[in-house]
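Here is a short report on one interface helix and one residue elsewhere. Keep the structure open as you read.

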2 protein chains.
Amino acid sequence: MGILPGLSEERTDYGATQKVIEEISQRFGDRLTVARSVRERFGKDESFHPSVPPDAVVTVQSTEEVRDVVQSCAQHRVPVIAYGTGTALEGHVAALHGGICINLQEMKEVVAVHAEDLDVVVQPGVTRKQLNHYLRDTGLFFPIDPGADASLGGMAACRASGTNAVKYGTMRENVLALTVVLADGKVIKTSKRARKSAAGYDLTRLFVGSEGTLGIITEITLRLYGVPESIIAAVCVFPDVSSAVDTVIETIQYGVPVARIELMDDRMIQAINDYSGTNLDIAPTIFLEFHGTVEYAREQSEIVQQIAVENSGSNFNWTANSEERAKLWQARHDAAYACKALRPNGTIWATDVCVPISRLADCISETRQDIKESNIIAPIVGHVGDGNFHLTLVVDHNDRGEQARAEALHERMVMRALSMEGTCTGEHGIGHGKINFLLAEHGRDVVSVMQAIKQTLDPHNIMNPGKIVRR
Amino acid sequence: MGILPGLSEERTDYGATQKVIEEISQRFGDRLTVARSVRERFGKDESFHPSVPPDAVVTVQSTEEVRDVVQSCAQHRVPVIAYGTGTALEGHVAALHGGICINLQEMKEVVAVHAEDLDVVVQPGVTRKQLNHYLRDTGLFFPIDPGADASLGGMAACRASGTNAVKYGTMRENVLALTVVLADGKVIKTSKRARKSAAGYDLTRLFVGSEGTLGIITEITLRLYGVPESIIAAVCVFPDVSSAVDTVIETIQYGVPVARIELMDDRMIQAINDYSGTNLDIAPTIFLEFHGTVEYAREQSEIVQQIAVENSGSNFNWTANSEERAKLWQARHDAAYACKALRPNGTIWATDVCVPISRLADCISETRQDIKESNIIAPIVGHVGDGNFHLTLVVDHNDRGEQARAEALHERMVMRALSMEGTCTGEHGIGHGKINFLLAEHGRDVVSVMQAIKQTLDPHNIMNPGKIVRR
């Protein structure tokens with residue numbers, strides 16, 4: 001299928017883009033730039049996908065400014081690409097058709113905290129860490145943690161999740177309402193601030209995960225949670241991946257509301273030991289976190305320890321001390337760096353799939369066997385409570401043979417997940433990197449419905465064109 | 001605004017309907033009927049909205065049969081209305097434009113239970129009680145409980161929720177995937193069975209809550225939960241509604257994962273005492289339920305008792321005994337009957353709104369004052385953990401003055417909720433009864449987006465026309 005299917009699409013007429021730049025240049029002054037170095041940076045995310053620079057980058061400060069840029073682009077049929085922090089992984093910000101990049105990083109106001117309602121209204125450029133820092137004296141926090149310190153607008157647009165989705169859900173469950181600038185420049189608010197509603201089509205969920213292809217998110221209302229009275233972290237090793245996964249399945253079935261439950265395979269643990277100088281047992285390992293009252297967090301930990309022991313788990317270590325907790329989790333947090341360090345000249349290719357949890361052990365085992373046979377370096381880490389796992393391929397892109405083997409391995413992993421009733425991406429999204437897998441997953445009729453919705457809301461295909469669906 | 005705005009819409013050409021009936025009559029035999037009494041029944045839900053009978057009712061047994069009926073209707077541009085149990089409350093099944101009612105009650109197979117994955121695949125005619133009966137030996141259950149023993153297809157179509165949404169979410173959070181027959185007869189599956197996915201637009205959530213206006217749901221994959229080890233029920237009375245609501249707010253903020261938290265006002269308690277012969281204190285009362293391990297359910301109960309006492313709550317009674325629990329909850333379950341009994345000749349008009357919880361006490365207090373001034377009988381019961389409450393107006397529809405006062409009271413309540421950043425319906429849906437309030441809530445631009453989606457997926461307006469949006 002190839003990894004860069006979107007790049008064959010044609011770019012927009014450059015003259016039209018110039019008209020937009022002329023129209024908005026006076027208003028934005030030096031917040032509008034066509035400098036090559038800046039455009040290069042804004043055309044690239046954290047993935048291996050190459051930069052495809054926009055024709056200009058404009059830094060906006062309000063919904064009205066976004067609206068005005070979009071209106072100008074709509075008039076001249078010029079693409080618009082929203083940019084948060086550039087931490088996406090499937091080429092989401094690549095300006096495949098050229099056009100204007102709207103940089104939302106200066107829209108970073110926390111508009112309102114409603115402590116009694118456990119919600120907050122933020123501008124899209126606020127990152128999750130900035131939000132939690134802002135909330136530090138309120139006793140509340142926003143739990144969704146995709147690893148990167150992503151912007152909340154980007155997280156909503158990409159339906160992000162991460163380590164503690166198993167307890168708190170993903171952005172799908174935690175966005176209450178969105179302000180969106182549509183392709184014609186109209187500004188809508190998708191929902192009121194009530195916790196639930198049965199009033200019409202769920203436009204909030206339609207825009208969550210739409211990756212900027214249906215509109216640009218300029219304000220987000222998010223659910224918040226009380227900071228738990230007690231947080232316990234734990235770690236446990238297993239003789240094989242199946243035993244670890246069985247422990248996860250039984251934990252979830254038992255109803256233990258585990259806050260995080262992460263698996264790393266022995267290859268990943270080895271990489272972390274090498275990188276961090278730690279001395280972890282080289283074995284499939286799960287890292288856990290329990291949130292609750294002091295009593296209940298301890299009870300959860302004890303229940304899971306018992307389940308783990310029954311599944312041949314050993315060296316179950318737990319702590320409620322926050323420094324020790326940070327130390328215990330350091331290994332998990334080092335995973336990405338450890339992979340990079342495996343091969344200084346290698347390129348990191350991070351990808352993810354998600355399967356029903358009953359198939360997780362099979363999917364991981366078969367994939368590990370495939371990695372071995374493919375002779376590719378690719379440690380595994382997974383948000384296993386959701387059936388979601390990541391492969392971090394470390395590839396020398398200059399070695400054509402290796403590159404081809406990596407692509408084939410990747411494709412087999414995705415197709416394996418699909419054959420197990422899974423999805424081609426649990427949390428990274430489609431961008432242009434997985435656009436063919438979207439079709440493989442859903443089939444022509446479903447993708448046609450998505451295309452029809454795209455056509456309706458963005459008839460001139462100006463909103464982040466070439467992502468999710470082709471036209 | 002009036003309560004029957006949809007009824008002014010024009011009906012479809014009767015000749016076209018006859019063609020559909022001819023086309024499908026041989027295949028369906030006596031599963032197709034045009035008998036007036038049957039049509040009358042299938043044109044009416046449990047609300048006060050009058051029956052608007054379809055031209056025929058066809059009882060289907062498979063997705064393929066639904067597809068064939070829809071294809072015939074699509075060809076002749078004849079409306080199709082899906083029917084589950086008829087327990088909706090806003091005229092959802094009224095055949096405003098005539099057409100064919102597809103009765104899904106015989107599609108009641110539990111297709112697959114995936115115990116390890118905590119999910120189940122069901123046909124749309126299975127009711128929630130039937131599902132839980134089926135699951136009784138698995139240690140699993142499906143929690144969503146809208147009161148009525150509704151079909152799961154109807155619950156998905158109407159984004160149902162109910163008493164324990166505060167812990168388990170609504171149908172929005174608990175549907176993993178849907179099989180849907182589209183307006184052109186194509187059959188799609190909206191998602192795979194993975195717990196989470198970032199693969200494209202969230203079509204599952206688009207169909208959840210679409211009330212049969214975008215397609216007909218013929219299979220549903222639902223999340224399941226382990227039956228809790230311990231269930232504790234509790235009841236507590238308060239001097240006023242504000243104290244009760246403050247208790248709810250603090251409970252949620254504390255992070256107590258209360259499974260149910262229901263408020264009844266003194267008027268409702270009085271009605272229940274009269275109906276059931278109970279001897280409950282005539283005061284604002286909250287009913288609670290805690291799910292968890294034995295230790296943790298008790299701890300939750302103790303925490304909430306303490307919060308309640310600090311808010312002037314008294315007579316906090318709790319029990320872990322299942323018979324006593326049933327008795328404690330009987331009052332809540334009797335609420336609907338108790339309202340009916342208040343006035344044997346009155347018509348019950350059940351309506352709901354949902355507001356941010358910080359505004360709940362104000363919204364209820366102002367509404368109670370308004371009820372009093374309007375001289376209308378209208379007890380209040382609420383799923384207060386979500387900010388959702390119900391007004392049960394008991395009205396003599398033959399008394400025009402009273403009817404007008406009830407309508408005005410209803411409209412003021414909805415507009416009050418909207419002014420408090422709430423929604424015109426937390427769980428009953430729009431149907432045709434609240435179609436004008438949808439516009440009041442979202443405004444023209446948002447409703448236009450909904451209309452555009454409707455137009456795209458149902459260009460000939462045959463799927464339950466006249467509901468949610470007008471064309």
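Helices (H or I, at least four residues) and strands (E, at least two) are DSSP runs, numbered from the N terminus. S365(B) sits in helix α14 (residues 360-374) of chain B. This is a predicted model: local features need pLDDT of at least 70, side-chain atom pairs count only at pLDDT 80 or more, and totals for chains, interfaces and linings use all residues. Residues are numbered from 1 along each chain as its sequence is written, while chains are lettered from A and ligands numbered from 1 in the order in which they are written.

A residue is buried if 20 or more other C-beta atoms lie within 10 Å of its own, exposed if 12 or fewer, and partly exposed in between, with C-beta atoms placed from the backbone. S365(B) has 15 such neighbours within 10 Å, so S365(B) is partly exposed.

Now the interface. In contact, 72 residues of chain A meet 72 of chain B (C-beta atoms, placed from the backbone, within 7 Å). α17(A) gives the most to the chain A side, with 7 residues. By class, that side divides as follows.

| Class on the chain A side | Count |
|---|---|
| Nonpolar (Ala, Val, Leu, Ile, Met, Phe, Trp, Tyr, Cys, Pro) | 30 residues |
| Polar (the others, Gly among them) | 23 residues |
| Charged (Asp, Glu, Lys, Arg) | 19 residues |

Look closer at α17(A). Its buried residues include V446(A), M450(A), I453(A) and L457(A). The buried residues of α17(A) fall within an arc of 150° (directions from the helix axis to the C-beta atoms), so they line one face of the helix. They pack against elements of both chains, among them α16 of chain A and α17 (444-457) of chain B.

How values were computed: Contact = placed C-beta atoms within 7 Å.
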